[in-house]
Amino acid sequence: MQSTQFNELMIRLELLGIQNDEEVSDRKKKYLNITRDTGELFSVLVKLIKPKNILEVGTSNGYSTLWFAASMSEGGCITTIERNENKIKEAKANFLESGLNERIEIVAGEAMELLPRMEKRFDIVFLDSDRDIYEPLLEDIIRLTASGGLIIFDNAISHRNEFDSVMTAFNNNPEFTCSLLTVGKGEFLAYKH
Ligand SMILES: C[S@@+](CC[C@H](N)C(=O)[O-])C[C@H]1O[C@@H](n2cnc3c(N)ncnc32)[C@H](O)[C@@H]1O
């Protein structure tokens, strides 16, 4: 996809996200997308790290997935997990329109069941789902991250009180170098040595 067309799609998704999330009260129907500045940060990180494989937990309509996919090099693949069937349908349509669908694998299901069964290692792991699964899945999240890989948690400032144990676990683990960025809703980064 030409960058102009990609930008048009992303701007359309941003407007849809703002409008939809203001109008609907049912949380399951909200998109809850990352902010544009977070997407731009992800683009820079992907270009620096040059990941072959990315794992995302929480696809929604695919807005954040597209930021990652658009910045990956040829041959790279992002696996994204989503349990809501309607969101999966919308994400698939957006992936098709972007022309980036070849490098995106969407896995339907519950992350609590899927992550413990996964074997592949990922160069970036992005967590943007219900936050109560992060602590019970911490060992799997670390196991699935390659050495030299990066774990990113969204909402680390907007929902700071829900991150105490996760941040403490990473900050106290000598295997990781961490940083909390005041970008978007707050991005907690944990680099695995
Ligand atoms: C904040 S939204 C993701 C937004 C998306 N990353 C973006 O920026 O465009 C969270 C999504 O995660 C999904 N989700 C939440 N908990 C999940 C879980 N335990 N397993 C699978 N999907 C989950 C929800 O259905 C929702 O679509």
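In the next few minutes I will go through the sheet, one pair of helices and the surroundings of the ligand in this structure. Please keep in mind throughout that we are looking at a predicted model.

Let me begin with the sheet, which is open and has seven strands, and whose order, read across, is β3-β2-β1-β4-β5-β7-β6, with mixed pairing. The strands at its edges are β3, residues 104-108, and β6, residues 176-181, each of which pairs on one side only. From one strand to the next, the twist averages 15 degrees. At the β3 edge, β2 and β3 run parallel and are joined by five bridges, and if you would like a pair to find on the screen, Thr-79 has Glu-105 in β3 as its bridge partner. Towards the other edge, helix α7, residues 164-171, lies across β5, β6 and β7, and its direction makes an angle of about 140 degrees with β6.

Now to the helices α2 and α3. The axis of α2, residues 36-49, comes within 8 Å of the axis of α3, and the two cross at roughly 30 degrees; since angles under 35 degrees count as roughly parallel, these two helices are therefore described as roughly parallel to each other. The contact involves Gly-39, Phe-42, Ser-43, Val-46 and Lys-47 on the α2 side, and Ser-64, Trp-67, Phe-68 and Ser-71 on the α3 side. Sorted by class, the residues of this contact are four nonpolar, four polar and one charged.

Helix α3 also brings us to the ligand, because α3, residues 63-71, is one of the elements that each supply at least two residues of the shell, along with β2, residues 77-82, and α5, residues 111-114. How many residues surround the ligand, and which are the closest? There are 19, and the closest are Gly-58, Ser-60, Tyr-63, Ser-64 and Ser-129. The shell divides into seven nonpolar, six polar and six charged residues. Ser-64, then, is listed both in the contact of α3 with α2 and among the residues closest to the ligand.

Methods. Residues numbered from 1 in each chain as written. Predicted model: local features only at pLDDT ≥ 70, side-chain atom pairs only at ≥ 80, totals over all residues. Near = placed C-beta within 6 Å. Helix = DSSP H or I, 4+ residues; strand = E, 2+ residues; numbered from the N terminus. Nonpolar A, V, L, I, M, F, W, Y, C, P; charged D, E, K, R; others polar. Axes fitted to C-alpha atoms, helices over the stretch in contact; angles between N-to-C directions. Parallel < 35°, antiparallel > 145°, perpendicular 65-115°, else oblique. Contact = placed C-beta atoms within 7 Å. Pairing = 2+ DSSP bridges.
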